[in-house]
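Okay, hi everyone, thanks for making time. I'll put a chain up on the screen, and we'll go from the whole thing down to one small sheet.

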Amino acid sequence: MERELRRGELLICRDAEELALRAAMCFVELAEEFIARNGRFCVALSGGSTPRGLYARLASPPFRERVIWSKVHLFWGDERCVPPDHPESNYGMVERELLTKVPIPPANVHRMPGEKDPEEAAVEYAHTLRTFFGLAACELPAFDLVLLGLGEDGHTASLFPGTDVLHERTEMVRAVSVEKLGVSRLTLTAAVFNHAANVIFLVSGERKAAVLREVLLGEEQPDRLPAQLIAPTRGQLLWIVDRDAAREIVR
Ligand code: 6PG
């Protein structure tokens, strides 16, 4: 079921399994579109647990064979400040679910250096983006697809409520100290996400029902609900959610 929203479109899936399937179909269709148009497909991946099912689907037939992996470039929307082999690493999760199972050239995998000093890592990743996309000083990278999740507190990527990164207007990448979690993270900024051609949120489970309703139907309070910052300036926004997560939207 699809519904028009003030921010993007909503696709409600039966369960997490169908969510992963529909997300994989979107990924493959966009890959075919952008590879045909530009010769490459540039994606900023989400961390967390929800996208794990999508990555596993992409690593399996028929999707594995449909994607021209040599033309796909993978980036990360955010990363925990841990080494890539740490259980909490977003890169490590994608490596286990996808990278070890598809023929993507290592040079096409642009991970955030979570093992480094956070401030230095943010500067380094901004340089990676500037170099790869050939950006002028104040230009933003235009990802073909950004994948995002939604935290129960309304955060997305590592844009957490009440943090100053929410108001970042110039930097593409920021190191953030998430006091309530006692961790440091790296995150792309809202301006980068909003410059993408396609943004897809993946939201699953009844624990997300209340926050999803607030984000999509509640009043605009982006400091409290940072996911509300995501409104692509020219791109498409799609929410792929399961019925459990949508239970407070469609009664
Ligand atoms: C991360 C993600 C984060 C995640 C949400 C939802 O690094 O964890 O960037 O924003 O998408 O916290 O996480 P789940 O999918 O595990 O519910």
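Before we look, one term: a residue counts as buried when its relative accessible area is under 20%. With that cut-off, 54% of the 251 residues in this chain are buried. And keep in mind that this is a predicted model.

So what's in there? We have 7 helices and 10 strands. The radius of gyration is 17 Å, and the globule rule gives 18 Å for 251 residues, so the chain is as compact as a globular protein of that length. If you follow the C-alpha trace along its principal axes, you get spans of about 45 × 40 × 35 Å. The accessible surface is about 11,100 Å², and carbon and sulfur atoms hold 49% of that. Now contacts: take those between residues at least 6 apart in sequence, and 76% of them link residues at least 24 apart.

Okay, zooming in. There's an open sheet of 3 strands, antiparallel, in the order β5-β8-β7. Why do β5 and β7 each have one side without a neighbour in the sheet? Because β5 (78-80) and β7 (173-178) are at the edges, and each has a single partner strand. On average, neighbouring strands here are turned by 20 degrees against each other, ignoring direction.

Quick reminder for the newer folks: strands of a sheet pair through backbone hydrogen bonds, either parallel or antiparallel. Here, β5 pairs with β8 (residues 183-188) over 3 bridges, in the antiparallel sense. You can find R80 opposite R185 of β8.

Last stop: helix α5, residues 118-133, lies across β7 and β8. Relative to β7, α5 runs at about 155 degrees.

Definitions and conventions:
Residues are numbered from 1 along each chain as its sequence is written. This is a predicted model: local features need pLDDT of at least 70, side-chain atom pairs count only at pLDDT 80 or more; totals for chains, interfaces and linings use all residues. Side-chain values use heavy atoms; hydrogens and water are left out. Two strands pair if DSSP finds at least two bridges between them. Helices (H or I, at least four residues) and strands (E, at least two) are DSSP runs, numbered from the N terminus. Axes are lines fitted to C-alpha atoms, for helices over the stretch in contact, and angles run from 0 to 180 degrees between N-to-C directions. Contact means heavy atoms within 4.5 Å. The radius of gyration is taken over C-alpha atoms; the globule rule is 2.2 Å times the number of residues to the power 0.38. Buried means under 20% relative accessible area, exposed over 50%, partly exposed in between (1.4 Å probe, protein chains only). Accessible areas come from the Shrake-Rupley method with a 1.4 Å probe; for residues, only the protein chains shown count as cover.
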